[in-house]
Amino acid sequence: VRDDGTVDLTELARRALESVLNQVMDAQADELCGEGNRRNGYRERRLLTVVGEVTLRIPKLREGSYFPEGLLRPYSRVDRAMVACVREVYVRGLSTRKIEAAADALEFGSLSPSRVSRMTADLDEEVAAMRAERFDGMRFPYLWLDATYVRCRDEGHVQSKAVVTAIACGEDGSRRFVGFGCVDAESASSWKAFLRGLRRRGVSGVRCVTSDAHDGLVQAVAEVFPGAAWQRCVVHLERDVAGWVPNRRDRARALAALKAVFAERDPALVRAAYRRACEEVSAISARAGGLLEDAEEDALAYLDFPREHHLRLRTNNVQERANEEIKRRTRVVSVFPSVGAMERLVGSVLIDVNEEWMSMGFIDASSLSGELRSPEPRAEPAPEVEERARLIVAEAIESAGRAA
């Protein structure tokens with residue numbers, strides 16, 4: 001009972017657990033004694049649990065030895081439930097020092113950062129298993145690639161490391177992380193090494209790869225996945241166009257034209273509207289218009305695939321959201337003490353996300369069967385389609401101009 005008259009339930013649970021464990025060990029030791037053997041005192045051992053630290057009195061025997069195998073692991077000073085709890089909050093984004101402070105506030109016992117690190121070290125095996133997982137016999141029609149940056153200490157000083165990740169959609173319609181890695185820079189050689197690792201582990205059947213327009217990444221995709229279409233993320237394309245239009249009103253008009261294009265669903269209308277948008281944006285900014293013209297084939301690659309897949313394929317949003325989750329959970333660390341520590345947490349986050357995705361649909365599996373690429377040649381848009389495209393873009397630009 002506390003000074004204020006309330007009952008300390010945690011302390012009550014700690015004492016009850018301690019008493020029960022000691023009674024169980026006494027009973028087990030008595031059964032082992034039998035004839036000709038006797039008890040010979042106790043040896044104490046402290047065990048950290050989720051209700052605090054308990055003192056165990058392990059019976060000693062005059063002949064032979066006794067150890068409560070069903071209750072404890074040899075040499076362990078921390079209960080399995082406590083280890084599981086610490087691992088869970090660690091992966092959820094709580095730093096080792098915050099875990100120490102929380103354990104101290106809850107009177108769970110001493111949990112130093114080094115002790116927390118030891119308790120989470122077995123996550124390395126799970127992360128290594130994920131990175132080595134093979135996908136033989138499976139096909140992944142769609143792949144999304146991206147990188148995010150995390151700071152960690154390496155070779156004696158703090159560096160910004162690129163964490164590259166690959167998300168794939170399998171023929172069953174589910175998505176998963178099929179790989180991640182840590183590189184010094186997003187160079188073509190780094191991306192090629194990463195993508196070749198995916199191929200060696202059985203990632204095959206790729207028909208379309210979506211990413212931003214990083215030169216090294218685009219080159220690596222073309223070499224490692226020949227025959228696969230490359231889709232330039234249209235959100236990144238819009239940002240790139242906006243970067244070439246300094247005037248706020250003109251920028252709003254240019255972006256409105258692009259958004260109107262990608263809001264349409266009919267492939268012929270989208271292509272006609274895109275070309276019309278190129279003309280209008282070129283009148284606003286020659287560089288922005290040139291960028292759009294050069295990007296046409298890659299920005300509209302998604303149109304060659306089933307219409308129900310367009311929203312998923314044309315952007316790298318699935319990767320953007322995953323990167324936000326990585327950032328959210330790594331931000332509390334600020335600077336990782338080593339590359340290994342960073343990979344442990346990032347890998348654990350990806351395993352956590354994969355488990356969540358397993359229960360969620362992503363693309364209808366029935367729409368992924370058969371040949372995905374359209375074999376039909378593209379025809380010039382009909383005059384009525386051209387006129388409709390002109391009106392869509394003109395109305396979007398006019399509306400944006402009035403709002404600005």
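1. A residue is called buried when its relative accessible area is under 20%. In this predicted model, Trp191 has a relative accessible area of 1% and is therefore buried. Phe194, at 10%, is likewise buried.

2. These two residues belong to helix α6 (residues 188-200), where they stand three residues apart, about one turn of the helix. An α-helix has 3.6 residues a turn, so residues three or four places apart point the same way. The ring centres of Trp191 and Phe194 are 5.9 Å apart and the ring planes meet at 75°, so the pair is classed as edge-to-face.

3. Across the whole structure, the search finds seven aromatic pairs. Ring pairs also join Tyr142, Trp144, Phe305 and Phe362 into a cluster. Two arginines should be noted beside these rings. Arg57 places its charged end over the ring of Tyr42, at 3.8 Å from the ring centre. The charged end of Arg131 sits over the ring of Phe180, and here the distance to the centre is 4.5 Å.

4. As to the chain overall, 15 helices and seven strands are present. Of the 404 residues, 48% are buried. Among contacts with a separation of 6 or more, 70% are between residues 24 or more positions apart.

5. The largest nonpolar core contains 66 residues, and Tyr142 and Tyr274 have the most contacts inside it. Helix α14 gives the most to this core, contributing 10 residues. A second, separate core has 24 residues, among them Leu143, Ala166, Val206 and Val209.

6. Which residues does Tyr274 contact, leaving aside its neighbours within four places in sequence? They are Leu237, Val261, Phe262, Leu292, Ala295, Glu296, Ala299 and Leu300.

7. Helix α14 (residues 339-357) merits a check of its geometry. At 1.5 Å a residue, its 19 residues should span 27 Å, and the end C-alpha atoms are indeed 27 Å apart, so the expected and modelled values agree. Of these 19 residues, 16 are buried, so α14 is largely enclosed by the rest of the structure.

8. Strands β4 (residues 157-169) and β5 pair in the antiparallel sense, over eight bridges. Within this pairing, Thr165 has Phe180 of β5 as its bridge partner; Phe180 is also the residue whose ring lies under the charged end of Arg131. The hairpin of β4 and β5 has five residues between the strands, and Gly173 takes a positive phi near 85° there. Strand β5 (residues 175-183) is mostly covered, with eight of its nine residues buried.

9. Strand β6 (residues 208-211) pairs with two others. With β3 (residues 142-154) the pairing is parallel, over three bridges, and Tyr142 has Cys208 of β6 as its bridge partner. With β7 (residues 229-232) the strands again run parallel, joined by four bridges. Ser211 stands opposite Arg232 of β7.

10. Which way do the side chains of β6 point, and are they buried or exposed? Cys208 and Thr210 point one way, whereas Val209 and Ser211 point the other way, and all are buried. Val209 is also one of the residues of the second core.

11. Tyr142 links several of these points. This residue is among those with the most contacts inside the largest core, belongs to the aromatic cluster with Trp144, Phe305 and Phe362, and is the bridge partner of Cys208.

Technical notes: Residues are numbered from 1 along each chain as its sequence is written. This is a predicted model: local features need pLDDT of at least 70, side-chain atom pairs count only at pLDDT 80 or more; totals for chains, interfaces and linings use all residues. Side-chain values use heavy atoms; hydrogens and water are left out. The expected span of a helix is 1.5 Å times one less than its number of residues. Buried means under 20% relative accessible area, exposed over 50%, partly exposed in between (1.4 Å probe, protein chains only). A nonpolar core is a set of buried Ala, Val, Leu, Ile, Met, Phe, Trp, Tyr and Cys residues joined through side-chain atoms within 4.5 Å. Contact means heavy atoms within 4.5 Å. Two strands pair if DSSP finds at least two bridges between them. Rings of Phe, Tyr and Trp (its six-membered ring) pair if their centres lie within 6.5 Å; planes under 30 degrees apart count as stacked, over 60 as edge-to-face and the rest as tilted. A charge sits over a ring if NZ of Lys or CZ of Arg is within 6 Å of the ring centre and within 35 degrees of the ring normal.
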